[in-house]
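This report describes a single protein chain for a reader who is new to structural work. Please consult the sequence and the structure shown below while reading.

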Amino acid sequence: MNFNEADYADAATICDAANSSLREVEQTVLRLRDKVLNCQQIVQSQCIAAGLGPRGHTLNELWLKLLSTAPLASEAATEAEKLSQRTRQAMVNYIESERLAQRLITDRRLLDQLADLVVSSSLNDLRPPRQTTEQLVRLVVDMLTGPLWGYLDDSESKRHGDVLRTLSRVLGLDTSRRLFSMKLCDTAPIMSQEIDGGLSGYYQLHDYLERDAQQNPGRFMVVQAEQRGRDVYLVVLPGTQDNSWGQLPFDAKGILDAYGGESQNLQDPVDEALRLSGAGPGDEVILSGYSQGGLHVANLLKNAFLRKKYRLNQAVTFGSPVGTIQLPKQVRSLHLEDAKDMVPGLEGVPNQYQQNQLTVTFDGPRRPDELESGFFGKAHNLHNYGEHLAELERRPTGQVRENVRELSLDGGPVKLRRFQLRRRHEYPAPPLNHQGRRVYPAPQD
């Protein structure tokens with residue numbers, strides 16, 4: 001297992017703990033110094049009242065020692081704080097260095113890129129691994145943007161996001177003539193399902209949804225569960241499904257819905273599904289998505305209407321290309337990727353780092369012979385990510401352990417409800433705002 005920037009996050013966590021301990025030592029020394037001084041003054045007052053000469057030489061010596069120790073404790077705490085800051089900066093430098101190294105690799109000749117593609121794909125079930133996919137996408141974006149962006153844009157993720165959004169709109173998903181929106185057209189009865197505690201519950205719910213999609217494609221789930229004894233609602237979104245370019249919301253067009261429209265057409269049906277499941281304003285809502293579903297999750301996490309109505313502060317994704325999407329800082333998220341899975345690399349940039357938003361990358365399937373190879377290969381198989389999730393739970397470290405603890409679900413029965421979505425056409429499309437994005441009306445409560 002390769003934890004990438006999480007190694008630096010662990011070091012920062014240790015430095016923070018040392019800083020906190022040294023600050024406590026500093027405060028303790030200061031309190032002792034003041035206490036000794038107070039005792040010394042009391043002794044002197046009592047001696048004078050009794051007609052004796054002043055006493056308290058030992059207290060005076062102790063006070064002088066504490067007086068000289070206080071600056072040392074303060075200096076040590078300050079140094080620990082600086083070390084913590086330098087460690088976090090080293091983490092940022094590491095990420096930027098990785099991106100720069102990838103950029104330098106991308107600048108090689110196209111022939112070298114194609115050679116890398118052939119070699120790496122031949123060792124990965126004839127599919128490019130994530131890193132090779134990122135390099136190729138980055139090369140294509142550089143060729144498309146040319147001198148318009150080039151090296152002038154400091155934010156590579158923003159540049160890639162702009163390109164993907166523009167391409168999606170060019171393909172007709174967000175033009176003035178036509179807009180694809182989503183509508184709930186069927187609701188299955190509430191049913192009870194048993195899940196394990198920890199993170200495994202997320203995989204179990206996705207596995208249930210994927211098996212249900214074989215007979216009922218186009219469904220997603222809202223699950224009422226418990227997390228550390230309190231009620232939460234989970235929105236579980238599936239990966240890309242067959243019947244491409246039809247009426248199903250999670251077909252190939254769904255990917256372009258996410259990039260071109262930032263998944264805003266899912267705002268109303270997700271809100272309605274939560275309401276029908278019993279969720280109300282201010283309730284805790286956790287979002288979880290696999291593949292394309294994780295892309296919608298990242299978009300919904302920054303949806304202004306949903307964030308205002310619910311508490312959207314937790315998310316878990318599996319094999320999802322979310323590198324161009326910057327999540328709100330208060331969101332705690334865990335993103336699982338497989339180094340041999342090409343899908344997380346389709347945006348051309350690695351995931352953005354925030355203190356509570358971690359990406360954990362695994363170095364390939366543990367039991368590839370037992371996995372079915374779909375269009376994107378065995379590494380993208382949901383069951384492969386289920387095994388990675390179990391492996392992560394067995395051996396979490398540092399900040400990863402904290403995210404595992406905070407995101408874990410309570411085991412036992414949960415109430416789940418499946419909702420059927422269909423794509424529909426709207427004429428005319430909602431107007432554009434000053435940023436060039438569609439303005440969707442807020443649903444009525």
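## Surface and overall composition

Accessible areas come from the Shrake-Rupley method with a 1.4 Å probe; for residues, only the protein chains shown count as cover. On this basis the protein chain exposes about 21,500 Å², and carbon and sulfur atoms supply 55% of that area. The model under discussion is a predicted one.

The protein chain has 445 residues, of which 50% count as buried. Its secondary structure comes to 12 helices and nine strands. Among contacts between residues at least 6 apart in sequence, 76% join residues at least 24 apart.

## Helix 9 and its cover

How many residues of helix 9 are buried? Helix 9 spans residues 292-301, and 10 of its 10 residues are buried. Among them are Gln292, His296 and Asn299, together with Leu295, Val297 and Leu300.

The cover over these buried residues includes both helices and strands. Helix 7 (252-261), helix 8 (267-276) and helix 10 (304-309) contribute to it, as do strand 4 (230-237), strand 5 (284-290) and strand 6 (311-318).

## Helix 8 and the loop that follows

Helix 8, which is part of the cover of helix 9, has buried residues of its own: Gln267, Pro269, Val270, Asp271, Ala273 and Leu274. A general rule helps in reading such a list. An α-helix has 3.6 residues a turn, so residues three or four places apart point the same way.

The loop between helix 8 and strand 5 contains serine 277. Is serine 277 buried or exposed? Serine 277 counts as buried because its relative accessibility is 14%, and the cut-off for buried is under 20%. Leaving aside neighbours within four places in sequence, serine 277 is in contact with Val222, Gln224, Tyr233, Arg417 and Phe419. Glycine 278, which also follows helix 8, has a positive phi, near 105°.

## Two residues with no accessible area

Glutamate 347 lies in the loop between strand 7 (332-338) and strand 8 (357-362). Glutamate 347 is buried, because its relative accessible area is 0%. Which residues does glutamate 347 contact, apart from its neighbours within four places in sequence? They are Val137, His160, Leu164, Tyr259, Leu295, Pro321, Val322, Gly323 and Thr324. One of these, Leu295, is a buried residue of helix 9. Glycine 323 stands 24 residues from glutamate 347 along the chain, while the C-alpha atoms of the two are separated by 6.4 Å.

Serine 333 has its place in strand 7. Serine 333 is likewise buried, with a relative accessible area of 0%. Beyond its neighbours within four places in sequence, the contacts of serine 333 are Ala315, Leu327, Asn356, Gln357, Leu358, Asn403 and Leu407.

## Aromatic pairs

The structure holds two aromatic pairs. In one of them, phenylalanine 375 and phenylalanine 376 meet edge-to-face, at 4.9 Å centre to centre and with 90° between the planes.

The two partners fall into separate accessibility classes. Phenylalanine 375 is exposed, because its relative accessible area is 70% and the cut-off for exposed is over 50%. Phenylalanine 376, at 25% relative accessibility, counts as partly exposed.

## Pocket and cavities

Rolling a probe the size of a water molecule over the atoms shows where empty space is left. The largest pocket has a volume of about 920 Å³. Two elements give two or more residues to its lining, namely helix 6 (200-213) and helix 11 (382-394). Helix 6 gives the most, with six residues. In total 29 residues line the largest pocket, and Glu210, Thr240, Asp242, Tyr290 and Gly374 lie nearest its centre. The lining divides into 10 nonpolar, 14 polar and five charged residues.

How many cavities of 30 Å³ or more are there? The count comes to three. The largest cavity holds about 70 Å³ of space. Its lining consists of Ala298, Val322, Ile325, Gln326, Leu327, His335, Asn351, Gln352 and Gln357. Of these lining residues, four are nonpolar, five are polar and none is charged. Several appear earlier in this report: Ala298 is a buried residue of helix 9, Val322 is in contact with glutamate 347, and Leu327 and Gln357 are in contact with serine 333.

Technical notes: Residues are numbered from 1 along each chain as its sequence is written. This is a predicted model: local features need pLDDT of at least 70, side-chain atom pairs count only at pLDDT 80 or more; totals for chains, interfaces and linings use all residues. Side-chain values use heavy atoms; hydrogens and water are left out. Buried means under 20% relative accessible area, exposed over 50%, partly exposed in between (1.4 Å probe, protein chains only). Helices (H or I, at least four residues) and strands (E, at least two) are DSSP runs, numbered from the N terminus. Contact means heavy atoms within 4.5 Å. Rings of Phe, Tyr and Trp (its six-membered ring) pair if their centres lie within 6.5 Å; planes under 30 degrees apart count as stacked, over 60 as edge-to-face and the rest as tilted. On a 1 Å grid over the protein atoms alone, a cavity is a set of points where a 1.4 Å probe fits but cannot get out, and a pocket is an open set with protein on both sides within 12 Å along at least five of seven lines; lining residues have an atom within 4 Å of a point. Grid points are joined across faces, edges and corners, and a volume is the space filled by probe spheres set on the points. Ala, Val, Leu, Ile, Met, Phe, Trp, Tyr, Cys and Pro count as nonpolar, Asp, Glu, Lys and Arg as charged, and the others, Gly among them, as polar.
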